[in-house]
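User: Could you take a close look at one part of this model for me, a strand and the sheet around it, and then walk outward to whatever packs nearby? I'd enjoy one connected account.

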Amino acid sequence: MNFRRLSSKHPVKTSSRFDWWFVIPGMMLLALLGLPLAALFLRALGSDFFVHAFSETAFSALKLSFFTSLVSVTVSILVGTPLAYTLSHWDFRGRALVELLIDLPVVLPPSVAGLALLIAFGRQGVFGGWLALLGVSLPFTTLAVIIAQTFVSAPLFVRSARVGFESIDPQLVEATRVEGASQWQLFYLVMLPLTGRALISGAILAWTRSLGEFGATILFAGNLEGVTQTMPLAIYLGFERNLDVAVALSVMLVLVSVLLLAIMRWLDKYQSH
Amino acid sequence: MTIIVNKFNNLIDLTQNENMKKIWTVLFILIAAASACSAPAAINPASEALAGEPTSASETVTLTVFAAASLADAFDEIGQNFERDHPGLQVKFNYGGSQTLRTQIEQGASADVFASANQNEMDTLIRSNFVMTGSSQLFLSNMLVAVTPAANPAGVSALADLAKPGLKLILAAKEVPAGNYSLQVLEKLETSLGGGYKEKVLANVVSYENDVKQVLSKIQLGEADAGIVYLSDTVAVPMLKKIEIPVKDNVIAHYPLAVLDHSKQPILARAFVAFVLSGSGQAVLTKWGFLPVK
């Protein structure tokens, strides 16, 4: 194992310098991150992993988690991309407020998000009455799960997409305009391909965040197997009932996350060639 | 400046040849340290800090009580009374579903007293030797009641209405004592109110909560049409509409209380248990809607 100093400007070269002092703290953090995951896998290996992983509760939670997170990511992409584009290209009054609103869910504790959603859209909520007029009651529904997930994960997508749009060379945009392209053509033929990587990595980030969402879900959507009991809820509640089911679900979530991160990595490498 | 950098670089050059060995040594030390600090040892220093073993008389002593969620209001008051009788003592409560608390204790949480909403959770701890032998005693009884929000949006006036299609019902999860009792009550009501009652009622459940206070909160918020909680819970939230469950269909929940085996304050813990069982403690419990043991 050679420690090579990485520099973006110069080609990677083997260096004879080795900074010992950087390694120790780093290793301690790696231990903190790695040991619990290793323990989880060891525990899973010890039990009947597949029996528990595909038990009714686990399978139901798995299906629900994947369905809701995919829907919420799709929604994030559909409404988030135009928003990111707008933020990256046009200045407008209230822009700072929009940026604040987008950044807030990322730092807000999920339970606060859940409570806020409940107070806003609950049956007795501030806007709950209006929803009731439309015949919609949100709490305890799968839709509530999707809304909670979108609330916490869409900002992650928007932020990534925006960075992508902002990194496009303005001269390229100018050139395209000079060629007579319309706004839509500019967006579709030039911007999207160039920002593909940022969009996809943003989507994956949003997806993993959706999969892991717990606090807002349990407060706003409740807990009912098959309807609102996503994997994180099943793990939290299953922990007391059946530790092995909780462990199996946890391992699955870790594996899915690893897979998604690997895809992101691969995209990074692929795009840069 | 250059001299310092040079010296630093020289130092680093010296270590260069031994890199691999050193990396593995560090890793080994970390792993060894991690396994040497087995869970109890790691927790004990923390609990020492929490329990505040007094080195001098002026330091505060802490008693940690894990109690079922339904006991929150009553135990807060009992705790205050107990603190008054024992200056310098602080009683800290951890409220939650009894099954959650039991799991926390099993996983090494440090506590002195455990008050459970059912005998099951206490028995589990007794079997795995977490409870001081012979210290478990029943200290109150409780019964269930159906509640609706004050506005009663679904117009529930009798237990039979809980089976009305489209009603939004919230129960505690079946692992929670309150949830388990609720299922027992529904079984009993099946015989009184006819076949299919339990099934219809369970079909109306929109959420199974982790402890009984969460059921109460969601009813208070008006999110659900009805729920089943403890009789004692209605004292804390009197504005909810109650639908009595007849004694013959109801369950009598017996709550046990015990000192935990690894308690750092066994004498104080026993004193607390005695206090709860005393006239003063029982009076507070009655005030908050609990029934005496018998």
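Analyst: Happy to. A residue counts as buried when its relative accessible area is under 20%. Please keep in mind that this is a predicted model.

With that cut-off, strand 1 of chain B, residues 61-68, is mostly covered, with eight of its eight residues buried. In a regular strand, side chains alternate between the two faces of the sheet. Here Val61(B), Leu63(B), Val65(B) and Ala67(B) point one way from strand 1 of chain B, while Thr62(B), Thr64(B), Phe66(B) and Ala68(B) point the other way, and all are buried.

What does strand 1 of chain B pair with over eight bridges? The partner is strand 2 of chain B, residues 89-96, and the pairing is in the parallel sense. Within strand 2 of chain B, Gln90(B) stands opposite Thr62(B). Strand 1 of chain B is also joined to strand 3 of chain B, residues 113-115, by three bridges, and these two strands run parallel. There, Val113(B) in strand 3 of chain B is the bridge partner of Val65(B). As general background, strands of a sheet pair through backbone hydrogen bonds, either parallel or antiparallel.

Stepping back, these strands belong to an open sheet of five strands in chain B, in the order 2-1-3-10-4, with mixed pairing. Strand 2 and strand 4 of chain B stand at the edges with a single partner strand each, so one side of each has no neighbour in the sheet. On average, neighbouring strands of this sheet are turned by 20 degrees against each other, direction ignored.

Helix 4 of chain B lies across strand 1, strand 2, strand 3, strand 4 and strand 10 (253-259) of chain B. Relative to strand 2 of chain B, helix 4 of chain B runs at about 170 degrees.

Helix 4 of chain B leads us on to helix 12. The buried residues of helix 12 of chain B pack against helix 4 (72-85), strand 4 (137-142) and helix 11 (266-277) of chain B. Which residues of helix 12 of chain B are buried? In this helix, residues 279-287, they are Gly281(B), Gln282(B), Val284(B) and Leu285(B). Seen down the axis of helix 12 of chain B, these buried residues fall within an arc of 155 degrees, so they line one face of the helix. Gly279(B), Thr286(B) and Lys287(B), on the other side of helix 12 of chain B, are exposed. After helix 12 of chain B comes Gly289(B), whose phi is positive, near 95 degrees.

The contact with helix 11 can be described in more detail. Helix 11 and helix 12 of chain B pack at an angle of about 60 degrees, and their axes are 4 Å apart. That angle makes helix 11 of chain B oblique to helix 12 of chain B. From helix 11 of chain B, Phe275(B), Val276(B) and Leu277(B) meet Gly279(B), Ser280(B), Gly281(B), Gln282(B) and Leu285(B) of helix 12 of chain B. The residues of this contact between helix 11 and helix 12 of chain B divide into four nonpolar, four polar and no charged.

Chain B has another open sheet to set beside this one: five strands in the order 7-6-8-5-9, again with mixed pairing. Its edge strands are strand 7 (205-209) and strand 9 (241-243) of chain B, each pairing on one side only. Neighbouring strands of this sheet are turned by 30 degrees against each other on average, direction ignored. Strand 5 of chain B, residues 144-148, and strand 9 of chain B run antiparallel, joined by three bridges. Lys242(B) in strand 9 of chain B is the bridge partner of Val147(B).

This sheet has helices against it too. Helix 9 of chain B, residues 212-220, packs on the sheet and touches strand 5, strand 6, strand 7 and strand 8 of chain B. The direction of helix 9 of chain B makes about 140 degrees with that of strand 8 of chain B. Helix 7 of chain B, residues 177-193, lies across strand 5, strand 6 (169-172) and strand 8 (226-230) of chain B, and runs at about 110 degrees to strand 8 of chain B.

Notes:
Residues are numbered from 1 along each chain as its sequence is written. Chains are lettered from A and ligands numbered from 1 in the order in which they are written. This is a predicted model: local features need pLDDT of at least 70, side-chain atom pairs count only at pLDDT 80 or more; totals for chains, interfaces and linings use all residues. Side-chain values use heavy atoms; hydrogens and water are left out. Buried means under 20% relative accessible area, exposed over 50%, partly exposed in between (1.4 Å probe, protein chains only). The arc is that of the directions from the helix axis to the C-beta atoms. Contact means heavy atoms within 4.5 Å. Axes are lines fitted to C-alpha atoms, for helices over the stretch in contact, and angles run from 0 to 180 degrees between N-to-C directions. Angles under 35 degrees count as roughly parallel, over 145 as roughly antiparallel, 65 to 115 as roughly perpendicular and the rest as oblique. Ala, Val, Leu, Ile, Met, Phe, Trp, Tyr, Cys and Pro count as nonpolar, Asp, Glu, Lys and Arg as charged, and the others, Gly among them, as polar. Two strands pair if DSSP finds at least two bridges between them.
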